[in-house]
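Welcome! Take a moment to look over the sequence and the 3D view, and then we will walk through some parts of them together.

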Amino acid sequence: MKLQLALDLVNIPEGIEVVKEVQEYIDIVEIGTPVIINEGLRAVKEMKEAFPSLEVLADLKIMDAGGYEIMKASEAGADIITVLGATDDATIIGAVEEAKKQGKSILVDMINVKDIEQRAKELDALGVDYICVHTGYDLQAAGKNSFEELAIIKRVVKNAKTAIAGGIKLSTLPEVIKEQPDLVIVGGGITGQSDKQAAAAEMKKLISQG
Ligand SMILES: O=C([C@H](O)CO)[C@H](O)[C@H](O)COP(=O)(O)O
């Protein structure tokens, strides 16, 4: 099980400082959608240059032009790029083809997918690398989480790796670990803590104890 740090509410220098603090406890650093909106793919490039041994995920949440957008994120140095599960199969197929050509991975974000079980089966058959259940900020504020959805994808996905994101904290991590996803994505649960290093270290410890 890997730990991914999501950077959403920072600029590039602030993001690099956070990663310096926690790098030994994380496997993947995510350049979050808000950061890409503010800074562009330059944020991906600068993070990869600063931490070449970490995998970098570009949270583009691609909805169209799958092949082209995967190509641009790959050129910037992203190892993993996100595509929305709610989009059509043509976009997923284009993204998967381009990612294979570039030697990169696709993480499909299931945010706002209504039939998680059916769509997860379809995406799995299309050859995506990760399927990720995700409760976005707006639904987190309404008290939602994706723990039940994680159990669903764990049951039906046969080939892709499974992941979960959205409001995961130290207190809720054990419930997530019970389901054994391949990847746990944490943003505010680390970046919002006064001692980010201690939070990341404790999370890594729980994850390695499995
Ligand atoms: O993808 C995300 C969100 O849509 C903003 O872009 C976050 O990176 C993801 O939710 C993880 O962050 P936390 O919810 O703060 O753990």
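## Before we start

Two strands are said to pair if DSSP finds at least two bridges between them. In strand β8, for instance, isoleucine 185 is the bridge partner of glutamine 4. Please keep in mind that this is a predicted model.

## The annotated span

An unreviewed UniProt entry carries the annotation "domain: Orotidine 5'-phosphate decarboxylase" for residues 2-203. Within residues 2-203, helix makes up 46% and strand 21%. The C-alpha atoms at the two ends of this span lie 11 Å apart.

## Strand β8 and its partners

A good place to begin is β8, which covers residues 183-186. Which way do its side chains point? Leu183 and Ile185 point one way, Val184 and Val186 point the other way, and all of them are buried. This fits a general pattern: in a regular strand the side chains alternate between the two faces of the sheet.

β8 runs parallel to strand β1 (residues 2-7), and 4 bridges join them. Besides the pair already mentioned, leucine 5 stands opposite valine 186 of β8. β8 also runs parallel to strand β7 (residues 161-165), this time joined by 3 bridges. Here isoleucine 164 is found opposite valine 184 of β8. Between these two strands comes a helix: β7, helix α9 (residues 173-178) and β8 form a right-handed β-α-β unit.

## Strand β1 and the step to β2

How many residues of β1 are buried? The count is 5 of its 6 residues, leaving this strand mostly covered. β1 also pairs with strand β2 (residues 28-31), in the parallel sense and over 4 bridges. One example from this pairing is alanine 6, whose bridge partner in β2 is glutamate 30. To get from β1 to β2, the chain passes through helix α1 (residues 12-22), and this β-α-β crossover is right-handed.

## Around the ligand

Which residues are closest to the ligand? They are Ala6, Thr33, Ala165, Gly187 and Gly188, out of 18 residues that surround it. Three elements give two or more residues to this shell: α2 (33-39), β8 (183-186) and α10 (188-191). Sorted by class, the shell holds 7 nonpolar, 8 polar and 3 charged residues.

## Two residues to compare

Alanine 43 belongs to helix α3 (residues 42-50). Is alanine 43 buried or exposed? It has 24 other C-beta atoms within 10 Å, and because 20 or more count as buried, alanine 43 is buried. Setting aside neighbours within four places in sequence, alanine 43 is in contact with Ile12, Ile31, Val35 and Ile36. Its C-alpha atom is 11 Å from that of threonine 33, a residue 10 places away in sequence.

Glutamine 197 sits in helix α11 (residues 196-209). It has 16 other C-beta atoms within 10 Å, so glutamine 197 is partly exposed. Not counting residues up to four places away in sequence, glutamine 197 touches Glu21 and Val22. Valine 133 is 64 residues away from glutamine 197 along the chain, and their C-alpha atoms are separated by 26 Å.

Definitions and conventions
Residues numbered from 1 in each chain as written. Predicted model: local features only at pLDDT ≥ 70, side-chain atom pairs only at ≥ 80, totals over all residues. Near = placed C-beta within 6 Å. Nonpolar A, V, L, I, M, F, W, Y, C, P; charged D, E, K, R; others polar. Buried ≥ 20, exposed ≤ 12 C-beta atoms within 10 Å, placed from the backbone. Right-handed = clockwise from strand over helix to strand, strands pointing away. UniProt positions renumbered as here; feature names shortened; annotations may be inferred. Contact = placed C-beta atoms within 7 Å.
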